[in-house]
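User: I'm new to this one and would like a close look at a single part of it. Could you walk me through it in plain words?

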Amino acid sequence: MTFDTIIKGGTIVTAADAFMADIGIRNGRIAAIGEALEGAGTVIDATGRLVMPGGIDSHVHIAQPGAPEVVMAEDFTSGTIAAAFGGNTTVMPFCLQQRGQSLREALKAYHAEAEGRCHVDVSFHLILTDPTPGVLGQELPALVEEGYTSLKVFMTYDDMVLKDRELLEVMAAARRTGAFVMVHAEGYDTIRFLADALEAEGKTAPYYHGPSRPVAVEREATHRAISFAEITDVPIMIVHVSNRQAMEEIERARRRGLNIYGETCPQYLVLTEEDMDGAAMEGAKFVCSPPPRTTEDQAACWEGLQHGIFSVFSSDHCPYRFAEDGKLTAKAHDGFRWVPNGIPGIETRLPILFSEGVKKGRISLNQFVALTATNHAKTYGLYPKKGTIAVGADADIVLWDPEMTRTIDQADLHHGCDYTPYQGLEVTGWPVMTMLRGRVVTDGETLVNEAPGGEYLARERSPLVEGRQAL
Ligand code: URP
Ligand code: ZN
Ligand code: ZN
Ligand code: ZN
């Protein structure tokens, strides 16, 4: 046999092209792309399907430790199964350094959690919360060499916030080591100031999460992060951008010649601040940071995706159950500041962008692939092994039914969360088969391989840190 598997009769879509051809897979990689390929043990009929690179979700939180009474609704088993059913073949969770911990200790714990449980490939970004001279001077350079080539810093949250000086030191260390920096741009003091004022007025319902971190909070921090990146001469990714003014900060920086990149997420396209205004504590289901904004900001996020201000579209999957150990701890009833920030979305990211974006004529099929797979691989040092359909690439492939209509329903999802913020959303287009390195992981509603086949991926340095125009 020439091939292990042939995918026949589909329309292959990459970030650049769309054409009809067969794919021949051998030893987990794409060995041939051509007309009328023959000679395989298994032939998969892809007639009427789009054949695309598996989704890469470069911003997810899985099994991340938080406040003592709160448990994240996802371990690596449920998280990666949900990812596969959602058409993804690689996810990139964060490895949180808790204060006082070394990066290696943090990584050891995450690897132990992930080992043997992953149904898609996995690679970790670091979250630096304790950037001591030892961490920045010794640990980080060694870890970048080992393939942990990206890190996230936070400008807010009590247990993660860095001071301005620390942000600068981390960026300077990234400059020296070639790590790629992701920034959570919301200001700690501005949020505390507003949250205290709201609480003093008795405004404690989940809805006030939004007013406690308005657009100005995000715009100010975005501007500050960009200034720090300019001062230290590093490219950065502003993650989870929610609104026009923050997007315009990125746009202006790019016009000044800075290498500033942006990410947005499904919640900023289809949710609004009104969603946090539900009866009783229902609004907590939509509490994430930055918060969903207005329909005008949704329109801005679409423009950002259309014009390349946002090069990656990620889920920011950060699931807490709508239950006592999740969103609704005893403390959460006292006020919005105790509601864990984050919502699930690992399984619904691709259908939402396809339906709202491609089907509604806002983005092209090629943009869809770039935003959901190719640009993630390019940004984070996985390309061209991941993120495209090309000879030599891993056979990470999703077969997509562009006409299937579904109503998003918690009852159908595989994630560990007990609700979806997208309940009832009608979408057209759904992943019908996900293949990881040539092996079928999900086929329709079936998890084909109970045995987890996902691997850990060490990554190259981002080409973006070398100033190469990879996107
Ligand atoms: O609300 C969110 N997004 N929680 C997840 C953590 C983060 O900031 O990305
Ligand atoms: Zn964040
Ligand atoms: Zn977030
Ligand atoms: Zn996040």
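Which residue follows helix 1, and is its phi positive or negative?

Analyst: That residue is G87, and its phi is positive, near 90 degrees. A quick word on the ground rules: this is a predicted model, where local features need pLDDT of at least 70 and side-chain atom pairs count only at pLDDT 80 or more, while totals for chains, interfaces and linings use all residues. Residues are numbered from 1 along each chain as its sequence is written, and chains are lettered from A and ligands numbered from 1 in the order in which they are written.

Now for the helix itself. Helices here are DSSP runs of H or I with at least four residues, and strands are runs of E with at least two, both numbered from the N terminus. Helix 1 spans residues 76-85 and is mostly covered, with nine of its ten residues buried. Buried means that 20 or more other C-beta atoms, placed from the backbone, lie within 10 Å of the residue's own; 12 or fewer makes it exposed, and anything in between partly exposed. Which ones are buried? At the start of the list come F76, S78, G79 and T80, and I81, A82, A83, A84 and F85 complete it.

As for the wider setting, the protein chain is assigned domain 1 (3-52 + 386-447) and domain 2 (55-370), bounds that come from an automatic or database domain assignment. Their centres, taken over C-alpha atoms, are 27 Å apart. Across the border, 33 residues of domain 1 are in contact with 43 residues of domain 2, contact meaning C-beta atoms, placed from the backbone, within 7 Å. On the domain 1 side, strand 18 gives the largest share, seven residues.

How values were computed. Two residues are in contact if their C-beta atoms, placed from the backbone, lie within 7 Å.
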